[in-house]
Amino acid sequence: MAPPVSRVALALLVTFAAPSVAQALDIFEIQVYEGDINQPGQPGLELHTNFIAAGRAQATFPGESVPDRTLHLTLEPSFGVLPFWELGAYLEFATAPGRSQTNFGGYKLRSKLVVPHERTGRFTLGLNFEVGRGVAVLGSDSWDTEVRPIISWWRGRWFVAVNPIIGWALTGDTAAAPALEPCAKVRFDAGHQVGVGVEYYAGLGRLGSMPSFAEQQHVAYLVGDLLDGPVELNIGIGRGLSAATDAWTVKAIVGKTF
């Protein structure tokens with residue numbers, strides 16, 4: 001049975017009223033959305049971590065906390081509202097023990113809509129909306145927003161997901177200047193509840209005035225996933241593909257629904 005029109009309209013209203021991502025790659029949430037969603041009334045919790053093992057060590061403005069040898073931590077609680085609607089939030093932190101630096105990284109709110117699987121077969125279709133604010137020491141303290149389409153497909157042991165993200169600042173000098181930040185994932189089910197694959201993330205710059213490849217951000221991750229396990233687990237090691245991207249990053253996501 002299709003969801004009542006009034007409920008769909010309410011969900012869309014909330015997501016557009018509370019639509020996040022900055023103009024470059026998100027340093028806290030390195031994840032391709034696959035289209036999973038909490039059941040109504042079901043809470044969930046994820047911990048996102050990543051460590052930039054080799055990255056930019058020179059500040060681009062006074063007081064910046066540079067990314068090199070920095071650990072990023074994100075706590076993400078979530079809650080299923082309706083069969084097609086989930087709400088979530090992010091609390092972000094960054095620490096560089098070698099430089100005796102620890103910073104609050106900002107916060108975000110998100111609203112995710114996913115078309116019920118029985119209507120899309122092997123495909124999953126959805127939209128995720130975020131709004132959040134960072135901190136100046138990590139690059140920007142403006143309010144930012146993101147619209148993330150979710151498109152995924154599976155056949156046999158293969159799975160593919162694409163998120164053609166558009167993000168822009170809501171305040172500050174770059175307000176209302178949308179940027180394209182696509183990401184994608186290909187995974188193979190290797191058996192024994194283990195999936196192996198590749199994830200790709202890019203910060204292509206503002207629409208209509210994209211810089212050269214060397215000035216864009218491009219990174220590829222070799223990843224492993226725990227499939228249908230007691231917890232969600234995604235681990236990976238990433239290699240920057242352009243001069244503007246940090247050279248090496250390792251990441252992990254651990255999550256569980258209750």
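E29 sits in the loop that runs between α1 (5-17) and β1 in this predicted model. With a relative accessible area of 4%, E29 is buried, and its side chain makes a polar contact of 2.5 Å with that of Y33. E29 also forms a salt bridge with K108, in which the closest N and O atoms are 3.5 Å apart. K108 belongs to strand β4 and E29 to the loop between α1 and β1, so this pair ties together parts that are 79 residues apart in sequence.

**Salt bridges**

- A search of the whole structure finds 15 salt bridges.
- In the pair described above, both K108 and E29 are buried.
- K185 and E34 form a salt bridge whose closest N and O atoms are 3.0 Å apart. This pair links distant parts of the chain, with K185 in strand β8 and E34 in the loop between α1 and β1, 151 residues apart.
- K185 counts as buried because its relative accessibility is 3%, whereas E34, at 22% relative accessibility, counts as partly exposed.
- K251 and E199 form a salt bridge with the closest N and O atoms 2.6 Å apart. K251 lies in strand β13 (residues 248-257) and E199 in strand β9 (residues 194-203), so the pair ties together parts that are 52 residues apart in sequence.
- Both K251 and E199 are buried.
- D26, E29, K108, E130, E146 and R148 are joined into one network by salt bridges that share partners.
- As a general point, side chains of opposite charge can pair when their charged atoms come close.

**Overall architecture**

- The chain contains one helix and 13 strands. In sequence order, the pattern is α-β-β-β-β-β-β-β-β-β-β-β-β-β.
- The radius of gyration is 18 Å, close to the 18 Å that the globule rule gives for 258 residues, so the chain is as compact as a globular protein of that length.
- The C-alpha trace spans about 55 × 40 × 35 Å along its principal axes.
- Of the 258 residues, 43% count as buried.
- The chain exposes about 12700 Å², of which carbon and sulfur atoms supply 67%.

**Strands β2, β3 and β4**

- Strand β2 (residues 71-82) runs antiparallel to β3, and nine bridges join the two. Within this pairing, L75 has L91 in β3 as its bridge partner.
- β2 and β3 form a hairpin that has two residues between the strands.
- β3 and β4 also run antiparallel, joined by 12 bridges. Here G88 stands opposite R110 in β4.
- The hairpin of β3 and β4 has four residues between the strands, and S100 in its turn has a positive phi of about 55°.

**Strands β6, β7 and β8**

- Strand β6 (residues 143-155) pairs with β7 in the antiparallel sense over nine bridges. W154 has F159 in β7 as its bridge partner.
- The hairpin of β6 and β7 has two residues between the strands, and G156 in this hairpin takes a positive phi near 60°.
- β7 and strand β8 (residues 179-191) run antiparallel and are joined by 10 bridges. W158 has F188 in β8 as its bridge partner.
- In a regular strand the side chains alternate between the two faces of the sheet.
- β7 (residues 158-169) shows alternation along its length: F159, A161, N163, I165, G167 and A169 point to one face and are buried. By contrast, W158, V160, V162, P164, I166 and W168 point to the other face and are not buried.

**Nonpolar surface patch**

- L45, L47, L75, L91, F93, F104, Y107, W143, L170 and F258 form a nonpolar patch on the surface, and together they have about 890 Å² of accessible area.
- At least two residues of this patch come from each of β1 (43-54), β3 (85-96) and β4 (101-114).
- L75 and L91 of the patch are also bridge partners across the pairing of β2 and β3.
- F93, located in strand β3, counts as partly exposed because its relative accessibility is 38%.

Notes
Residues are numbered from 1 along each chain as its sequence is written. This is a predicted model: local features need pLDDT of at least 70, side-chain atom pairs count only at pLDDT 80 or more; totals for chains, interfaces and linings use all residues. Side-chain values use heavy atoms; hydrogens and water are left out. Patches are made of residues with over 30% relative accessible area and no salt bridge: like charges are joined within 9 Å, nonpolar side chains (Val, Leu, Ile, Met, Phe, Trp, Tyr) within 5 Å. Accessible areas come from the Shrake-Rupley method with a 1.4 Å probe; for residues, only the protein chains shown count as cover. A salt bridge is a side-chain nitrogen of Lys or Arg within 4 Å of a carboxyl oxygen of Asp or Glu. Buried means under 20% relative accessible area, exposed over 50%, partly exposed in between (1.4 Å probe, protein chains only). Two strands pair if DSSP finds at least two bridges between them. The radius of gyration is taken over C-alpha atoms; the globule rule is 2.2 Å times the number of residues to the power 0.38. A polar contact is a pair of N or O atoms within 3.5 Å; within protein, one must be able to donate a hydrogen and the other to accept it, and residues adjacent in sequence count only if both atoms are side-chain atoms.
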